[in-house]
Amino acid sequence: MNTKNIAKWSLMVTVTLLLTACHDMLLNPEPESVLPSGRAFNTSKDMNLGVLGIYNSLQAKVQKDYLLMEMTSDNMFAEYYATEPGLIEVEYLEVSTENNIINNFWKTTYAGIARANAVLSNIDNPIDYSGNEKNQYSGEAKFLRALFYFDLVRIFGDVPLVTELMTVEQAEQTARTPRDQVLDFIVADLVAAEENLPAPANIVAGRASKAAAAALLSRVYVYLEEWENAQTYLEKVLNDYHYSLVPNFRHLFSLETETNSEAIYSVTFIQGTNGHALSTTFAPLQGVYGIVPNGTRVGRPSWDLNKLYEEGDQRKAVTISDYQLPANAKPGDEPIWYPYVNKYMVPHQANNSGLDIPILRLGEAILLYAETLYKLNQSDEALTQLNRIRERAFGNADHNYTAADFHNEESFMDLLLMERRLELAFENHRWFDLVRTGRFTTELTEFEGEYNPGTGKAEIERLTVEPYMQFFPIPWEQIQLAAPGVLTQNDGYN
């Protein structure tokens, strides 16, 4: 199977393993399959299709993650006329319980969890597994379930922890589980996944490996501030496998080089077969010459982020294009000032991009390692790791940080978070970084949104940010679908 076949198979799974989106089926899935009902999950082929169905749920989810993970931060602002329902609420953190974006996020994420639970509940059924297939399928399901739950718990706090198939009546009585317990479950799933999954060299791109499980687990441990555990798993990723930083940052976001030495786990797509809409979402309305005929420009990069890139930083041009040449440009036309997110701009059909979306890559793991080492009082080595990213960005050591650039933990974290912001912009980390470090209530109060080159000034985005906003409200639809009083609301929301 080549590196893109998982995307092709995932398209097939939308037909062969379709789950409905209603509340009871979300928590208690019964696959509707073209296979005879008595054979569902009875063979290793059935289990493989089931696993691919989980990946398919992830494909649906990642195209919209930016709405809650980037648009809520100081990296982006929404277009004033944006057609995404509920977007302006989300941008200004004035999110109602009936917001369509949070409800869709909840449903899409639990759909993936339901598919993982269906696989794991039936993993012992087949008797025709060969080699390590059973362990692999179990590991993949647990890795993906952990990934879904980690996003849920960071977005909503306490969430229902559903780990097996349920009756409708059981689902209606399922309350929220304390966040700490959910995080413990995530850790257990990832430890088991890391034990069972194949090494990266023994599995095709687009499917999870031991390295992917270790990398995600290290991210969880950083979130938990369990620094020794984070160090253990980060060193597995950095030392036990053969990942290396690609010299050219553009190669991380190019169709020709999307499978590269830095990619630990990416969600795969194929234009024309199973493409995604994200590339079009970030494109200007009139498209981009040679890239896409039109766009929807739901969100644009903030000037607050744009101006942070120093001259010579190769990440800038890859991440943000300051000028647009429309798709219908004529010879001699000049580009116009119109900054847009360029990171996912590859030639594609509208709403059908074949560029893989990275979830885990070496650059982020190195930055997590730098943070972890500093927290473990290894500041010199932390600086070395931070400068690995700087040297790749500039192509030399002329812009490296020195010990004189930080004097205490706060100033080191200033550098670390800025470097994460520059390196990982629009990869769905910024909101979580601000929340986990307790900075969102100050950083988001005021920042520069759209810049006007004619006046030399930027429009100031002003938000009223309260601590309770670290979590979004539980969707009202989900509260109504549960039995009365079972699904409670987060503090601060009515």
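This passage describes the main pocket, helix α6 and the residue Asn122 in a predicted model. Local features require pLDDT of at least 70 and side-chain atom pairs pLDDT 80 or more, whereas totals for chains, interfaces and linings use all residues of this predicted model. Residues are numbered from 1 along each chain as its sequence is written, and side-chain values use heavy atoms, without hydrogens and water.

The largest pocket has a volume of about 410 Å³. A pocket is an open set of points on a 1 Å grid over the protein atoms alone, where a 1.4 Å probe fits, with protein on both sides within 12 Å along at least five of seven lines; lining residues have an atom within 4 Å of a point. The lining holds 24 residues, and Pro200, Ala205, Tyr243, Ala263 and Ile264 are the closest to the centre. Eleven lining residues are nonpolar, nine polar and four charged. Strand β2 (residues 263–267) contributes the most, with four residues. Strands are DSSP runs of E with at least two residues; helices are runs of H or I with at least four.

Helix α6 has 22 residues, of which 18 are buried (under 20% relative accessible area, 1.4 Å probe, protein chains only). The helix is therefore largely enclosed by the rest of the structure. Its end C-alpha atoms are 31 Å apart, in agreement with the 32 Å expected at 1.5 Å a residue. The expected span is 1.5 Å times one less than the number of residues. At the N-terminal end, Asn99 caps α6, with a side-chain oxygen 2.8 Å from the backbone nitrogen of Ile101.

Asn122 lies in the loop between α6 (100–121) and α7 (133–156). Asn122 is buried, at 16% relative accessible area. Beyond neighbours within four places in sequence, Asn122 is in contact (heavy atoms within 4.5 Å) with Phe41 and Met47.

Conventions. Grid points are joined across faces, edges and corners, and a volume is the space filled by probe spheres set on the points. Ala, Val, Leu, Ile, Met, Phe, Trp, Tyr, Cys and Pro count as nonpolar, Asp, Glu, Lys and Arg as charged, and the others, Gly among them, as polar. Buried means under 20% relative accessible area, exposed over 50%, partly exposed in between (1.4 Å probe, protein chains only). A polar contact is a pair of N or O atoms within 3.5 Å; within protein, one must be able to donate a hydrogen and the other to accept it, and residues adjacent in sequence count only if both atoms are side-chain atoms.
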